Amino acid sequence: VGNVITIAAYGSGAEPTISGLDLITNWSDNGGKVVNTWKAIVTTEPKIVYFNTTRGTNKTSVQLCTDANNWYWSSNVLYVYSTSNPSSAYTFPGIQAGSRSECIVVQGVNYVNFENLNLWGSNGDGITIQNSNYIIFDNVDTYGMYFSGVTTPYTTNASSNITYKNSEMSYNGANGIIFGL
């Protein structure tokens, strides 16, 4: 048995959340070009956008952003529909855009335990595991990812002895867990 590394909550209180989203706060009116649309500089193309805790609907143009929770991204600008400034219309926690492809990447390591964590929203997967062994996820919830909660891609040196217990994968765009892509 190797030396086990544990990544977990420290002390008491709410479980920590590792997020693949960035809170967007630099909103400006879209200049009347499309009624009730606002824009902000967002340099990473989001695959998901959350309005408070509601997953938004990606539209194919800013002109189609005509309802609540509609969004569109082009040329480093995120556009959203809102009848007032999104910074005051959405405050719990606000508008968040996917900016990281994963919340946790476990690659080429052995004997790591993850405990009592929440993973929330990413442009890809919550957890990606590659070439790693003896990994335990205990009470690690993944939700709201663009693709999957957990992915273990097939490689020539595949991972083994991966344990998930007391964990939930929900509201992900494609799958809870994928083994061997």
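Start by selecting N52 and T91: the side chain of N52 comes to 3.3 Å from the backbone nitrogen of T91. Keep in mind as you click around that this is a predicted model.

**Stop 1: around N52**

Stay on N52, which sits in the loop between β6 (49–51) and β7. Now show its surroundings. Setting aside neighbours within four places in sequence, N52 has contacts with Y90, T91, F92, P93, G94 and Q96. Leave Y90 and Q96 displayed, as both come back below.

**Stop 2: an antiparallel sheet**

Switch to cartoon and pick out β3, β11, β6 and β7. In that order they make an open sheet of 4 strands, with antiparallel pairing. At the edges you'll find β3 (21–24) and β7 (54–55); each has a single partner strand, so one side of each has no neighbour in the sheet.

Zoom in on β3 and strand β11 (residues 95–98): they run antiparallel and are joined by 4 bridges. To see the register, select L23, which stands opposite Q96 in β11. That's the Q96 you met among the contacts of N52.

**Stop 3: rings**

Next, colour Phe, Tyr and Trp. The count is 7 aromatic pairs in the model. Go to F51 and Y90, an edge-to-face pair with 5.3 Å centre to centre and 70° between the planes. This pair links distant parts of the chain: F51 belongs to strand β6, while Y90 is in the loop between α1 (86–89) and β11, 39 residues apart. Are F51 and Y90 buried or exposed? Both F51 and Y90 are buried.

For a contrasting geometry, select Y111 and Y134. Their pair is stacked, 4.8 Å centre to centre with 0° between the planes. Y111 is part of strand β13 and Y134 of strand β15 (residues 133–143), so the pair ties together parts 23 residues apart in sequence. Y134 counts as partly exposed because its relative accessibility is 39%, which falls between the 20% and 50% cut-offs.

One more ring selection: Y50, W120 and Y143, which form one aromatic cluster.

**Stop 4: N116 on β13**

Stay with strand β13 (residues 110–120) and find N116 there. Which side chain does the side chain of N116 make a polar contact with? The partner is the side chain of N139, at 2.8 Å. Expand the selection and, not counting residues up to four places away in sequence, N116 touches A9, E15, P16, D138, N139 and V140. With 30% relative accessibility, N116 counts as partly exposed.

Then draw a distance from N116 to L78. The two are 38 residues apart in sequence, and C-alpha to C-alpha they are 33 Å apart in space.

**Stop 5: a parallel sheet**

Back to cartoon for β12, β14, β16 and β19. These 4 strands form an open sheet in that order, and the pairing is parallel. The edge strands are β12 (102–107) and β19 (175–179), each pairing on one side only. From one strand to the next, the twist averages 5°.

Focus on strand β16 (residues 148–152) and β19, which pair in the parallel sense over 4 bridges. A handy pair to label is T152 and F179, its bridge partner in β19.

**Stop 6: cysteines**

Select C65 and C103. How many disulfides does the model have? The count is 0 disulfides. C65 counts as buried because its relative accessibility is 1%. C103 also counts as buried, at 15% relative accessibility; the cut-off for buried is under 20%.

**Last stop: zoom out**

Reset the view and look at the whole protein. It has 1 helix and 19 strands. Along the principal axes, the C-alpha atoms fill a box of roughly 65 × 40 × 25 Å. Colour by accessibility and you'll see buried residues making up 43% of the 181 residues. If you plot a contact map, take the contacts between residues at least 6 apart in sequence: 65% of them join residues at least 24 apart.

Methods:
Residues numbered from 1 in each chain as written. Predicted model: local features only at pLDDT ≥ 70, side-chain atom pairs only at ≥ 80, totals over all residues. Heavy atoms only, no water. Disulfide = S-S within 2.5 Å. Buried < 20%, exposed > 50% of the residue type's maximum accessible area, 1.4 Å probe, protein only. Pairing = 2+ DSSP bridges. Helix = DSSP H or I, 4+ residues; strand = E, 2+ residues; numbered from the N terminus. Axes fitted to C-alpha atoms, helices over the stretch in contact; angles between N-to-C directions. Polar contact = N/O pair within 3.5 Å; in protein donor to acceptor, adjacent residues only side chain to side chain. Contact = heavy atoms within 4.5 Å. Phe/Tyr/Trp six-rings, centres within 6.5 Å; stacked < 30°, edge-to-face > 60°.
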